Every structure is written in structure tokens, then in C-alpha cells.
Amino acid sequence: MPGSRTPSHGISFSVIAPAAYLREFVAQTPATVHHVAAQRVLLDPAYRAFFLEEERRGATIILDNGVFDLGQSLKPCELVRAAQAVNAAEIILPDVIGDASATMRASDLAAAQILALSDEFRLCAVVQAANDEDWHRCYDHFITRDYVGAIAFPASRGKEPSNALSKNRLTATEHLEAHGLVDTGRIYRLLGLGRTGHLELFEQRRHEWISSVDAAAPVLLGAMGIRMLPDGPYEKIRTPRVETVQHIEPDRFSLIKDNIKAVRYAAGCPIEIRTPA
């Protein structure tokens, strides 16, 4: 049973929620790490104000580039503008889902443009690939680039189990550790939850070099009335995109908070939701 393991390391978990419910589910005590959508920072003053408040409480703000929600990343100048608006510490560089070559080109170009505008942000590259050869090529590319201060691995979203590095994030992180390929001078992050949901985090906690993970799953599943059991099992189902959720029934709030606790339990993350004043 996953919960019977006792890993020594905890991974900070950043909750993703609809903008109207940031104070109910996203506010942290203590404030540690938030993954923040760049497009919402630019478009929504209340969203921007909330994360600026969290930053002032001590949170590290990581600005997501928007590709998962929009299908393509925001422009470098927009990313800088959004990052400055919330005092972000880090910008996730543009990536192209499943395409190593396009991701490397996009990140190299964006990094040059961002650094020409400002050097105040740490830059995070995302390892994207369609196969294992491309996965190695993409990772090797970023690990040798001076501009890369952090590296992120997207969630494994395939419906069927796989041991491919490009399709199984746990296989990928275990491969890096086993072959001495981790650069301890850089920060490593997980983006989202995949096919096995929060249960993956019990295993990922063995890697002390993994810093954070973000996910909307506990909020979206809870809003649908689905409980995430702390020790599993977990069944991945289709959920709406977080930005399309306009209303959550108040009688689902308790379930959502239990789901968030389940993910933080799996991640070994002691952060709690800060109760609105």
C-alpha cells in the first residue's frame, strides 16, 4: 500500500483552482510555492492581487507559460510582464507538448529574449519528447545550457502503462538518479498529475532533488463529487479545464479539501490551506 512507505523527502504541492476559489483552496500556511498561470495574471486583476499577496507572505511564485491551457505559450515579453506583476521568481519557458526539437528551439529563443528584457527571473525548461531518444536529446540540451536554472517534467498522461522515459515520468526520474544525471545545482519540478494521480508522489519522494508539483485534480475531481483516497486506488477520468469552471457547489468544499489533503499526504507536504479571514 503506497501510504505504508516512509520516504524521507517532501515535495511542495501547489493547488490549481478556478480564480473564484483561490482563497478557499489555494491560500497556503505557510506560504511556500505557487504555480501561477501567466495569462490569468495579465487578464484578471483579482487573480493577480491574490498571488501578489501570497508572494508578500513568503511564497515563491513560478509563472507557467500557458501552453497547457492555451495550446501555445505566451510571448516572452508577455511572460516578463506577467512575472513582474506578481514578483515571480521563476518563468517556465515556452514548450511544445510532445515535441523535443520544437521545445528546444522555443526555449532557446525565449530565454534569449527574456534575458534581453530582464535577468531577474530564474528560467525553467520543460523536457518534452515523443520517444526516448528525443527525451535524452532534450534533457541533455537543457542540462548544458547556462540559462536553465530549473528543469520540469510534464505529467505522464497516457492511458496505458509504459516504461518509456517519454511516457512514464517515474521511469524518467529513476533513470536520472540511477545514472548520475541529476544536476544538484538546478531545481527540478513536476508539472501536473498523470495516469496514477497522487500515488506517483509516494515514489517520487525518494528523489530528494524534486522540489515541487502542481495540480488541479483534487479541486476538479472534488467538484465532480469524486474522492481521492489517500492510499488509492486512483482512476484517472476526464475533467474540465480549470478555467472553464465557474461555480462549485459549497457542499463539495469539504470533499475538495480532503482531496487536497490526500495529495499533500502523498507528497509529504505539510502545507495547509490558510483559512480566509
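This is a short chat about residue S73 and helix α3 in a predicted model.

Reader: Where is S73 found?

Author: S73 is in the loop that runs between α4 (67-70) and α5 (76-85).

Reader: Is S73 buried or exposed?

Author: Buried. Its relative accessible area is 19%, and the cut-off for buried is under 20%.

Reader: What does S73 touch, leaving out residues up to four places away in sequence?

Author: N65, V67, P94 and D95.

Reader: Which side chain makes a polar contact with the side chain of S73?

Author: That of N65, at 3.3 Å. The S73 side chain also reaches a backbone atom, the nitrogen of D95, at 3.4 Å.

Reader: How far apart are S73 and I91 in space?

Author: 12 Å, C-alpha to C-alpha. In sequence they are 18 residues apart.

Reader: Switching to α3. How many residues does it have?

Author: Helix α3 has 12, residues 45-56. From first C-alpha to last it reaches 16 Å, close to the expected 16 Å.

Reader: Which residues in α3 are buried?

Author: Y47, F50, F51, L52 and E54.

Reader: What do the buried residues of α3 pack against?

Author: Three helices and three strands are involved: α1 (22-25), α2 (38-43) and α5, plus β2 (28-29), β3 (33-37) and β4 (60-64).

Reader: And the ends. Which residue caps the N-terminal end of α3?

Author: D44 does. One of its side-chain oxygens lies 3.0 Å from the backbone nitrogen of A46.

Reader: What follows α3?

Author: G58 follows α3, and its phi is positive, near 120°.

Definitions and conventions
Residues numbered from 1 in each chain as written. Predicted model: local features only at pLDDT ≥ 70, side-chain atom pairs only at ≥ 80, totals over all residues. Heavy atoms only, no water. Helix = DSSP H or I, 4+ residues; strand = E, 2+ residues; numbered from the N terminus. Buried < 20%, exposed > 50% of the residue type's maximum accessible area, 1.4 Å probe, protein only. Contact = heavy atoms within 4.5 Å. Polar contact = N/O pair within 3.5 Å; in protein donor to acceptor, adjacent residues only side chain to side chain. Expected span 1.5 Å × (residues − 1).
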